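Me: Please take one part of this model and walk me through it closely. I would like to see how helices from separate chains meet, and then what lies around that.

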Number of protein chains: 10
Amino acid sequence: MARSKITEKLLAAKQAKGITFEDLEKIVGRDETWIASVIYRQASADLEEATKIVTALGLSESMAEPLTIPPLKGSLEPTIPTDPLIYRFYEIMQVYGMPLKAVIHEKFGDGIMSAIDFTLEVEKVEDPKGDRVQVSMCGKFLPYKKW
Amino acid sequence: MARSKITEKLLAAKQAKGITFEDLEKIVGRDETWIASVIYRQASADLEEATKIVTALGLSESMAEPLTIPPLKGSLEPTIPTDPLIYRFYEIMQVYGMPLKAVIHEKFGDGIMSAIDFTLEVEKVEDPKGDRVQVSMCGKFLPYKKW
Amino acid sequence: MARSKITEKLLAAKQAKGITFEDLEKIVGRDETWIASVIYRQASADLEEATKIVTALGLSESMAEPLTIPPLKGSLEPTIPTDPLIYRFYEIMQVYGMPLKAVIHEKFGDGIMSAIDFTLEVEKVEDPKGDRVQVSMCGKFLPYKKW
Amino acid sequence: MARSKITEKLLAAKQAKGITFEDLEKIVGRDETWIASVIYRQASADLEEATKIVTALGLSESMAEPLTIPPLKGSLEPTIPTDPLIYRFYEIMQVYGMPLKAVIHEKFGDGIMSAIDFTLEVEKVEDPKGDRVQVSMCGKFLPYKKW
Amino acid sequence: MARSKITEKLLAAKQAKGITFEDLEKIVGRDETWIASVIYRQASADLEEATKIVTALGLSESMAEPLTIPPLKGSLEPTIPTDPLIYRFYEIMQVYGMPLKAVIHEKFGDGIMSAIDFTLEVEKVEDPKGDRVQVSMCGKFLPYKKW
Amino acid sequence: MARSKITEKLLAAKQAKGITFEDLEKIVGRDETWIASVIYRQASADLEEATKIVTALGLSESMAEPLTIPPLKGSLEPTIPTDPLIYRFYEIMQVYGMPLKAVIHEKFGDGIMSAIDFTLEVEKVEDPKGDRVQVSMCGKFLPYKKW
Amino acid sequence: MARSKITEKLLAAKQAKGITFEDLEKIVGRDETWIASVIYRQASADLEEATKIVTALGLSESMAEPLTIPPLKGSLEPTIPTDPLIYRFYEIMQVYGMPLKAVIHEKFGDGIMSAIDFTLEVEKVEDPKGDRVQVSMCGKFLPYKKW
Amino acid sequence: MARSKITEKLLAAKQAKGITFEDLEKIVGRDETWIASVIYRQASADLEEATKIVTALGLSESMAEPLTIPPLKGSLEPTIPTDPLIYRFYEIMQVYGMPLKAVIHEKFGDGIMSAIDFTLEVEKVEDPKGDRVQVSMCGKFLPYKKW
Amino acid sequence: MARSKITEKLLAAKQAKGITFEDLEKIVGRDETWIASVIYRQASADLEEATKIVTALGLSESMAEPLTIPPLKGSLEPTIPTDPLIYRFYEIMQVYGMPLKAVIHEKFGDGIMSAIDFTLEVEKVEDPKGDRVQVSMCGKFLPYKKW
Amino acid sequence: MARSKITEKLLAAKQAKGITFEDLEKIVGRDETWIASVIYRQASADLEEATKIVTALGLSESMAEPLTIPPLKGSLEPTIPTDPLIYRFYEIMQVYGMPLKAVIHEKFGDGIMSAIDFTLEVEKVEDPKGDRVQVSMCGKFLPYKKW
């Protein structure tokens with residue numbers, strides 16, 4: 001993913017200020033993963049949220065407006081991501097995609113989990129055998145419409 | 001994913017018997033998504049678990065052993081899945097992959113969420129505005145080893 | 001798209017009986033494109049609808065049940081379709097995708113047109129300079145959820 | 001789609017002026033989606049239309065001429081688009097391509113819907129359960145010539 | 001291109017009977033390349049034409065009807081053909097595509113050469129330095145519609 | 001096809017001067033499509049031809065020499081072109097490739113039509129039902145050598 | 001490369017009879033690599049050559065005719081071959097393609113080495129440090145035609 | 001192949017000086033194809049050879065050192081080359097790859113022709129029917145090691 | 001990797017007999033990974049080794065000969081493997097490929113590690129924090145030949 | 001792999017100083033391959049290690065911090081690497097991937113070798129018949145978790 005110049009500036013400011021996504025969560029009142037998505041130009045904020053983000057990062061308010069425009073989303077550069085952390089999510093879909101499909105259809109009928117009316121959260125679960133990453137996805141079930 | 005003949009037989013038996021993955025969860029004592037993964041030959045059971053599954057489906061015990069062999073995993077046929085339900089997980093990785101990476105690194109340092117020491121659960125969250133699909137992934141954080 | 005055996009049988013019966021999709025629309029009380037989607041195993045019917053379809057085609061009622069199972073959707077064989085009729089829809093997306101995105105975002109904000117809560121109709125518009133194909137797509141607008 | 005510099009300038013001017021595609025529709029006397037296509041360099045205008053567009057955006061008339069040159073069309077960067085809004089049109093073709101083909105051939109015989117002698121309109125359909133996006137495509141039917 | 005069984009049968013009969021495409025041209029009253037396209041299931045004939053073809057090949061009339069159904073066209077197996085004769089047409093498009101585009105736009109304006117309202121003929125041009133293959137393509141110019 | 005800087009300059013000069021490829025054909029004494037191929041750096045001219053071209057475009061003679069160097073040919077950017085005009089030639093190969101192969105082999109034996117000892121011409125055929133684009137390809141037949 | 005059934009039979013007969021390609025070279029009076037190409041259905045023989053081949057392999061003469069039909073050539077299954085021996089030829093083209101192009105153009109001007117009017121021979125060069133494989137390709141130079 | 005800046009400079013100097021690869025062969029005492037490979041950064045020279053090359057091209061000696069560093073080899077830009085001269089080598093591998101493999105295995109056993117302990121030469125073979133390009137590849141046979 | 005029928009039979013016999021690769025190592029006197037490679041038809045044995053393998057698996061000696069023929073190697077079905085165990089080796093090459101290249105060139109000069117004159121061993125390294133897989137690759141360094 | 005600017009600077013400094021990876025190993029107290037991975041931005045160091053590296057290369061300490069940020073890993077430019085040295089590791093996976101999988105599963109059960117909790121070392125093994133490259137990979141075995 002070629003980071004846009006906006007993303008570059010925001011990340012550089014964040015690094016310089018030493019602010020974490022968790023800090024931003026408290027300031028903006030939205031989940032840190034969503035805020036990271038705004039910064040990576042995968043989600044769009046409203047002007048108030050955007051202003052809070054850029055102000056917290058010590059940037060001029062004029063940088064807020066671009067964060068409100070619906071971005072061209074996606075486009076990790078290689079079709080199949082090569083970064084190991086991101087690849088694991090591709091692998092999960094390759095390995096568990098069909099079982100997930102079967103279980104969801106059995107529970108809900110024909111339709112999908114929305115990736116739009118959708119939330120995504122990350123938590124650290126401490127564990128003496130090694131901490132665990134808990135990723136929670138929650139999307140509205142959309143049944144196929146008949147017509 | 002060209003379903004193997006074993007998967008075909010197990011699914012046909014399951015359909016004929018009218019047993020759900022949830023029923024199997026109660027019988028086998030394992031999560032229904034994992035059981036579905038065994039049936040789709042993406043995970044391997046031990047002989048006791050495999051026998052419980054095939055027996056519950058009314059099949060001969062000789063069908064249990066193949067479920068214990070580590071399978072060749074993955075390989076949904078098109079590289080990028082075209083089934084809308086499965087595609088949404090690819091989209092989530094395309095859109096939210098970089099933000100997830102940023103948040104996980106911030107919380108844990110350099111490393112990944114394991115997709116092997118990993119659990120995956122699906123739940124139905126009832127909601128008057130439309131039920132929601134809750135997918136919970138929980139994988140051990142593996143820090144990059146230095147040497 | 002390797003037509004499944006079920007699709008093969010239904011299409012052969014339809015051809016033999018000389019029934020059109022429009023005839024099926026009257027019998028089933030659903031749009032002909034949706035019915036074609038059921039026959040091509042891209043949509044799932046309920047048992048009553050499925051029974052009407054197979055009966056109209058002169059087939060045994062036992063063929064109705066498979067039409068009620070959520071199918072593995074998509075998967076035209078080449079990633080970019082080579083059939084000229086189908087390719088034109090790929091071309092429309094390639095050429096008009098960005099303008100459409102801009103207009104939809106301007107009218108609705110950040111979000112998408114659902115392809116699930118969605119209808120698709122085809123009509124013949126007679127025209128002395130050459131009849132026209134009218135394709136109408138109508139999908140619910142799904143705004144991106146923030147969290 | 002790497003936006004050409006021309007497109008960049010036009011979009012920046014449009015954003016700065018606060019003009020919508022709908023406003024341009026009224027000024028130019030052409031549909032807003034077509035105008036968006038000209039701005040994204042997917043369609044070519046005549047000099048009068050082009051001049052109206054650039055003038056409305058507050059730009060110098062010398063910017064009109066490039067909009068009259070037949071562009072190199074298409075080329076969204078990834079072969080399969082990753083932007084969720086645009087992807088849905090790819091999904092529609094994957095899922096409904098064969099049914100559409102069957103219905104169109106039945107209604108018209110062997111041939112295609114032209115994507116050249118073609119119009120494309122977007123409308124907002126208000127709906128208490130959630131507004132809907134209505135996309136209307138209308139292309140001349142072109143029967144295969146025999147020779 | 002996996003030859004369909006129909007194509008296999010027709011080609012085998014043609015080989016056995018020792019009939020050339022040129023002979024078929026005289027019998028059917030259509031160009032030999034078009035007839036070859038019908039036999040390869042890339043074009044559809046009407047019942048009279050189809051009957052002439054199968055009869056000339058010494059096959060039963062019941063084989064005529066399948067030749068009248070609009071086929072799923074295209075799909076040479078590798079996306080970029082490896083057969084040297086067919087590849088040369090891909091090469092011509094790669095090398096001369098942009099110059100052709102420039103010349104056609106200059107002569108006709110923005111639009112395309114139809115590949116549907118289109119004829120394709122092959123002739124042998126005798127030449128003492130080595131015979132030449134003359135391929136003539138003639139398609140209707142379709143100007144882009146504005147709306 | 002990322003146009004080389006040379007091509008950019010030549011096309012800009014051509015546009016500024018208002019010279020057509022047909023004008024160049026008269027000046028250079030070569031077919032306009034071939035001249036367009038030289039300008040797009042897909043063919044190489046000799047110094048005399050190159051000088052005529054750059055002079056006609058009002059450019060300095062020093063620009064002639066680069067047009068005499070054998071270029072790296074081909075490389076339209078997407079493997080399968082997305083520009084509709086160029087795509088049609090890909091479609092023709094996909095749909096008519098096998099029939100063409102069959103007819104050429106029948107007329108000439110095993111071998112190919114050369115794309116090197118080859119000419120390519122475009123003509124406008126006026127037609128009251130809509131003008132037609134006539135593309136004539138003529139390549140030497142090369143029989144496979146045995147050894 | 002999915003070996004055709006013909007190729008399978010010829011290779012099985014060759015293995016059973018213990019005949020080498022070199023033996024066939026003596027019997028047929030053609031180079032062993034060309035004969036191997038006929039057996040792999042990449043080249044077509046005349047009836048006399050084909051009869052010599054099948055007779056030498058102890059097969060019925062009726063197997064000769066298929067070897068005279070121009071085959072659909074190429075199509076190693078993966079686009080980039082994975083077999084190490086064959087891959088090395090791909091690697092040679094990747095690494096030495098541009099230098100070869102430069103040297104050939106310098107020696108011959110703009111054009112190509114024909115892969116049709118072409119011979120290919122393999123020889124064993126004994127060497128105390130390890131025998132060497134000598135592959136000799138010799139193709140007619142085809143200069144680009146101007147028109 | 002995006003030519004590196006070093007290659008660009010060397011080729012420009014060579015063009016300006018009017019030196020051929022054959023001239024360089026005499027000066028450096030290595031084959032011209034190998035020298036071309038060094039210039040295209042596909043092979044690495046030692047400092048003496050590199051100095052001879054850059055000096056012969058009239059460049060400063062400081063340009064010699066970069067030619068001694070093992071380069072990142074390969075990477076013609078499109079996976080399958082579109083330049084007709086280079087493509088022919090891909091075609092040769094597609095068409096003659098399997099026959100070559102069969103002949104080499106028969107002569108040498110299981111193993112490969114090295115593309116590293118390997119030489120590549122080009123010669124012009126004059127011929128009244130048209131000069132021929134002779135490409136000679138000679139690589140050490142490497143038998144598969146057992147362990 | 002579509003397992004050949006030979007591989008299928010050998011693996012089934014091995015499973016039925018309950019013999020491990022380690023047992024075969026003792027019987028054949030070759031490393032177990034190499035033996036597994038013979039069984040998967042990626043390496044070829046001599047007749048004596050092959051006979052030991054098939055005999056140990058309780059199969060008829062006539063199954064030994066096919067194991068002596070140089071196989072068409074490689075061709076895991078998806079270009080990028082989706083099986084998690086195999087994928088990790090692709091990931092290692094993606095992540096560590098360039099560093100490895102740099103270190104090897106520094107130690108050895110320009111050349112490669114042979115994958116032909118090559119051995120590959122797997123060992124289990126017991127470790128209280130979790131056992132480790134030790135994969136040892138050892139290939140002859142092949143310096144690039146100059147000519 | 002487009003080398004980042006940081007990598008470019010570090011490598012240039014290393015070349016200018018004439019320091020080897022082995023020298024760095026002694027200075028930093030970490031394996032040279034791991035250090036090369038840090039320099040190629042595939043691994044992240046802590047600040048102390050990073051400072052040692054940049055200081056050893058004679059660079060300012062401010063260059064150390066970027067080396068501590070978890071990088072976007074992978075992304076060799078072509079999906080299948082064309083550099084011969086790197087390709088051999090892809091070939092090893094293609095040819096020996098399935099046998100490795102079989103041997104590892106037999107030794108350890110269902111699971112994978114971690115590429116994260118993983119070390120990679122290169123050694124030169126002197127050998128009179130030609131030195132050998134010894135690559136040792138050692139990763140923790142991760143058994144698939146059941147849930």
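**Where helices meet**

Reply: Start with two helices from two chains. Helix α5 of chain A covers residues 84-108, and helix α3 of chain B covers residues 32-39. They pack with their axes 8 Å apart, at an angle of about 125°. Keep in mind that this is a predicted model.

What does that angle make them? An angle between 115 and 145 degrees is neither roughly perpendicular nor roughly antiparallel, so it counts as oblique. Therefore α5(A) and α3(B) are oblique to each other. Their crossing is right-handed.

Now look at the side of α5(A). It contributes A:Tyr96, A:Pro99, A:Val103 and A:Lys107 to the contact. From α3(B) come B:Glu32, B:Thr33, B:Ala36 and B:Ser37. Sort these residues by class. Four are nonpolar, two are polar and two are charged.

Next, turn to another pair of helices. Here α5 of chain E meets α5 of chain F, and each covers residues 84-108. Their axes come within 10 Å and cross at roughly 140°. That makes α5(E) oblique to α5(F). This crossing is right-handed.

Which residues touch? On α5(E), they include E:Leu85, E:Phe89, E:Met93, E:Gly97 and E:Ile104. On α5(F), they include F:Leu85, F:Phe89, F:Met93, F:Gly97 and F:Ile104. Also among them are E:Lys101 and F:Lys101, along with E:His105 and F:His105. By class, this contact has 16 nonpolar, four polar and two charged residues.

Step back to whole chains. Chain E can be laid on chain C by a turn of 72° and a shift of 0.0 Å along the axis. The RMSD of that fit is 0.0 Å. The two copies are thus related as by a five-fold rotation axis.

Finally, visit the strands of chains I and J. Four strands form an open sheet with antiparallel pairing. Read across, the order is β1(I)-β2(I)-β2(J)-β1(J). Which strands stand at the edges? They are β1 of chain I and β1 of chain J, both spanning 111-125. Each has a single partner strand, so one side of each is left without a neighbour in the sheet. On average, neighbouring strands are turned by 20° against each other, direction ignored.

Within chain I, β1(I) pairs with β2, residues 132-143, in the antiparallel sense. Eleven bridges join the two. For one spot to find on screen, try I:Thr119, which stands opposite I:Cys138 in β2(I).

Definitions and conventions: Residues are numbered from 1 along each chain as its sequence is written. Chains are lettered from A and ligands numbered from 1 in the order in which they are written. This is a predicted model: local features need pLDDT of at least 70, side-chain atom pairs count only at pLDDT 80 or more; totals for chains, interfaces and linings use all residues. Side-chain values use heavy atoms; hydrogens and water are left out. Two strands pair if DSSP finds at least two bridges between them. Axes are lines fitted to C-alpha atoms, for helices over the stretch in contact, and angles run from 0 to 180 degrees between N-to-C directions. Angles under 35 degrees count as roughly parallel, over 145 as roughly antiparallel, 65 to 115 as roughly perpendicular and the rest as oblique. A crossing is left-handed if the near helix is turned anticlockwise from the far one by less than a right angle, and right-handed if clockwise. Contact means heavy atoms within 4.5 Å. Ala, Val, Leu, Ile, Met, Phe, Trp, Tyr, Cys and Pro count as nonpolar, Asp, Glu, Lys and Arg as charged, and the others, Gly among them, as polar. Copies are superposed by least squares on the C-alpha atoms of residues with pLDDT of at least 70 in both.
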